[in-house]
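User: I am new to this structure and would appreciate a close look at a single part of it. Please take one strand and the surroundings in which it sits.

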Amino acid sequence: MKTGMEIFPLPANQFLSDGGAMFGLVPKGLWSKRCAADDNNCVAQQANCLLLRGSDGRIGLVDCGCGNPEWFSPRERALHGLETDWLLPKSLAALGVTPADIDWVLLSHAHWDHAGGLADPEGTPTFPNARILLTEREHRLALGGDPLLYKSYPDPVRSTLQTLQDRIDPLAGSGETVAPGLRVWDGSGHTAGQACLEFGPCRIAGHPHRLPGAVFAGDNCPTRHHLRLVFQTAYDTLPLQTRAWKRGWLPRIAREGLALFFSHDPDAAAATLQPDPREEFTPATLFPFPPS
């Protein structure tokens, strides 16, 4: 696309998360009005990725989901409500893209539901020709073995990153350009090394109008229901920094008409925002996932 990057939001996996964990300090009486829970208090989640076609002709992928459900034990699949269907290969195939066509994979952070699709349990890479990009701090945390973070960076993810070490390009997260029209900033909050991706002029596949830009910040805003400052996950390592990120970025996203991509929303790939006197910010325009 000559006038900017084209972005294809892709579902990688469908699974369930505990509703209380997804909304942290917010009482169920408030969050359940926005996001229905099942009998086990779980809410539907989707691991969302972005396929990027840049003006340089290269193809990039932002995050890669949980991986093949067959890589998990029956107990793990039941625990996570992980659907047996691996959506990411099908999502790519619908666009005429194979895993071998991917030139680089940029991880917003290295939690299992964002980095689990990098390789199978034997270490065979899913994307055989891709470089792997993530912030230097996230890379260090994922491999550091801190017992306080053992649930955040489980052994399968850590061993994959170790196996693919020679493919990894750590980023400073200080605004460097990693592809034409894409810069990476510090997005710490959900994790201490999470990346915030800022896109220049772009188009979301399936929508005719070019946008002045877009933003993706992993799980700082996992769904359209997490726009308020205190609506954040209990998994956040630095919860006050998640709020600080929202306070700094959401007003600009609304003011400049940028799209905000959601990492786990099963129904909306992205949204432009508008200020709201009661809700702080609400979606102005929702962007559904392009039909497969």
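Which residue in β3 is the bridge partner of Leu50?

Analyst: The bridge partner of Leu50 in β3 is Val62. This is a predicted model, in which local features need pLDDT of at least 70 and side-chain atom pairs count only at pLDDT 80 or more, whereas totals for chains, interfaces and linings use all residues. Residues are numbered from 1 along each chain as its sequence is written, and side-chain values use heavy atoms, with hydrogens and water left out.

The bridge at Leu50 belongs to a pairing of β2 with β3, which is antiparallel and has four bridges. Strands (E, at least two residues) and helices (H or I, at least four) are DSSP runs, numbered from the N terminus, and two strands pair if DSSP finds at least two bridges between them. β2 and β3 form a hairpin with five residues between the strands, and Gly57 in this hairpin has a positive phi near 85°. β3 also runs parallel to β4 (residues 104-106), to which three bridges join it. One of the residues involved is Gly60, whose bridge partner in β4 is Trp104.

The side chains of β3 come next. Ile59 and Leu61 point one way from the strand, Gly60 and Val62 point the other way, and all are buried. Buried means under 20% relative accessible area, exposed over 50%, and partly exposed in between (1.4 Å probe, protein chains only).

Leu61 is also among the residues that touch the most other members of the largest nonpolar core, which has 37 residues; the others are Leu51, Leu88, Ile102, Leu118 and Phe127. A nonpolar core is a set of buried Ala, Val, Leu, Ile, Met, Phe, Trp, Tyr and Cys residues joined through side-chain atoms within 4.5 Å. Two or more residues of this core come from each of β1, β2, β3, α4, α5 (112-115), β5 (131-135) and α7 (155-163). The most, four residues, come from β1. Ile102 touches both Ile59 and Leu61 of β3, and its other contacts, leaving aside residues up to four places away in sequence, are Leu51, Leu92, Val97, Phe127, Asn129 and Ala130. Contact here means heavy atoms within 4.5 Å.

Helix α4 (residues 87-94) meets β3 as well. Its buried residues are Leu87, Leu88, Ser91 and Leu92. Seen down the axis of α4, these residues fall within an arc of 130°, so they line one face of the helix; the arc is that of the directions from the helix axis to the C-beta atoms. An α-helix has 3.6 residues a turn, so residues three or four places apart point the same way. The cover over the buried residues of α4 includes β1 (5-18), β2 (42-53) and β3 (59-62). Just after this helix, Gly96 has a positive phi of about 75°.

A final point concerns the cysteines. The structure has zero disulfides, a disulfide being a pair of cysteine sulfur atoms within 2.5 Å. The cysteine sulfur closest to that of Cys49 is in Cys64, and at 6.4 Å it is too far for a bond. Cys49 is buried, at 1% relative accessibility. Cys64 is buried too, with a relative accessible area of 0%.
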